[in-house]
Amino acid sequence: IIILKNPQLPENIGMVARTMVNFGLKNLRIVNPRVSWPNKRSYAASAGAFELIEKHTTVHNDLNEAIKDIQFLCATTVRKRDLDCQYSTPKIAIRNLKKNYLDKKIGFLFGAEKAGLTNNDISEANLIITIPSNNAFGSLNLGMAVNIIAYEWNIQHIKNKNKINNKNVANKKKVNYFKKRILNELYDIGFFNNIEEDARLVINVKNILSKATFSDKELKILHGIVTSLKNFKINN
């Protein structure tokens, strides 16, 4: 699933649709686009990828809504962040995804043309993908960036199409619910106490939890631990 957050130019959305069809991807999600959708200029730039635009593209008001059913989220960025993230190239990342998560809902998240993704967006991802490029001029056109991911996904499809991993992986809706619960508990016990530093710390806490691929069972255990700790505090 390709997810575009805050795309600015309708032509770029059309080019993304075109390259997705070129390489066999058909699920596009757009988060809070700058222009009204659907858009005539997107149709023109799609070179005929009308079915994807009309039947397989959805628009969402916020990122959490767009990723709630995703089980493994990859965020793309041109630069390293000051977060403790797992980074990978497209080829290696997709090779590992095909090997371990082929039957799961996998999302590739791309930011707006001008600003890219924020650290808060990045903190929702299990993995960060960086496309090797010129250090002096590394920023890629949105359609080109999606093209590289789609190409790598397609070229490795035949190699891995019969490999299925049955590991249960919780979707982002369940993971985000647990993250919110942890953050609420931390606020309640006074863990956060500096307004300026708290925002950065919250992102780091979210990032730590997002990197893991929790199963439903593991989340249930973690919820139980939080509940037990809370009850222990109340009773003592």
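Two strands count as paired if DSSP finds at least two bridges between them. Keep that in mind as you click through this model, which is a predicted one.

**Stop 1: strand 4**

Select residues 72–76, which make up strand 4. Five of the five residues here are buried, so the strand is largely enclosed by the rest of the structure. Turn it around and you'll see that both faces are covered. Phe72, Cys74 and Thr76 sit on one side, with Leu73 and Ala75 on the other.

**Stop 2: the neighbours of strand 4**

Now add residues 106–110, which are strand 6. Strand 4 pairs with strand 6 in the parallel sense, over four bridges. Want one bridge to look for? Pick Leu73 and find its partner in strand 6, Gly107.

Next, bring in strand 7, residues 127–129. The pairing of strand 4 with strand 7 is parallel too, and this one runs over three bridges. Here you can pick Cys74, whose bridge partner in strand 7 is Leu127.

**Stop 3: helix 1**

Jump to residues 10–22, which form helix 1. How far apart are its end C-alpha atoms? They are 19 Å apart, and since 13 residues at 1.5 Å a residue should span 18 Å, the two values agree.

Colour the buried residues of this helix: Pro10, Asn12, Ile13, Gly14, Val16, Ala17, Thr19 and Met20. What do they pack against? Show strand 1 (2–5), strand 2 (28–31), helix 2 (40–45), helix 3 (50–55) and helix 7 (142–155), and you have the list. Before you leave, look just after the helix, where Gly24 takes a positive phi of about 80 degrees.

**Stop 4: the largest pocket**

Switch on a surface and select Thr77, Val78, Gly116, Ser139 and Leu140. Those are the lining residues that lie nearest the centre of the largest pocket, out of 23 that line it. The pocket has a volume of about 390 Å³. Its lining is a mix: ten nonpolar residues, nine polar and four charged.

**Stop 5: the cavity**

How many cavities of 30 Å³ or more are there? The count comes to one, and the largest cavity has a volume of about 40 Å³. To find it, select Gln71, Asn126, Val169, Ala170, Lys172, Val175, Ser210, Ala212, Thr213 and Phe214, which line it. By class, that lining has five nonpolar, four polar and one charged residues.

Definitions and conventions. Residues are numbered from 1 along each chain as its sequence is written. This is a predicted model: local features need pLDDT of at least 70, side-chain atom pairs count only at pLDDT 80 or more; totals for chains, interfaces and linings use all residues. Side-chain values use heavy atoms; hydrogens and water are left out. On a 1 Å grid over the protein atoms alone, a cavity is a set of points where a 1.4 Å probe fits but cannot get out, and a pocket is an open set with protein on both sides within 12 Å along at least five of seven lines; lining residues have an atom within 4 Å of a point. Grid points are joined across faces, edges and corners, and a volume is the space filled by probe spheres set on the points. Ala, Val, Leu, Ile, Met, Phe, Trp, Tyr, Cys and Pro count as nonpolar, Asp, Glu, Lys and Arg as charged, and the others, Gly among them, as polar. Buried means under 20% relative accessible area, exposed over 50%, partly exposed in between (1.4 Å probe, protein chains only). Helices (H or I, at least four residues) and strands (E, at least two) are DSSP runs, numbered from the N terminus. The expected span of a helix is 1.5 Å times one less than its number of residues. Contact means heavy atoms within 4.5 Å.
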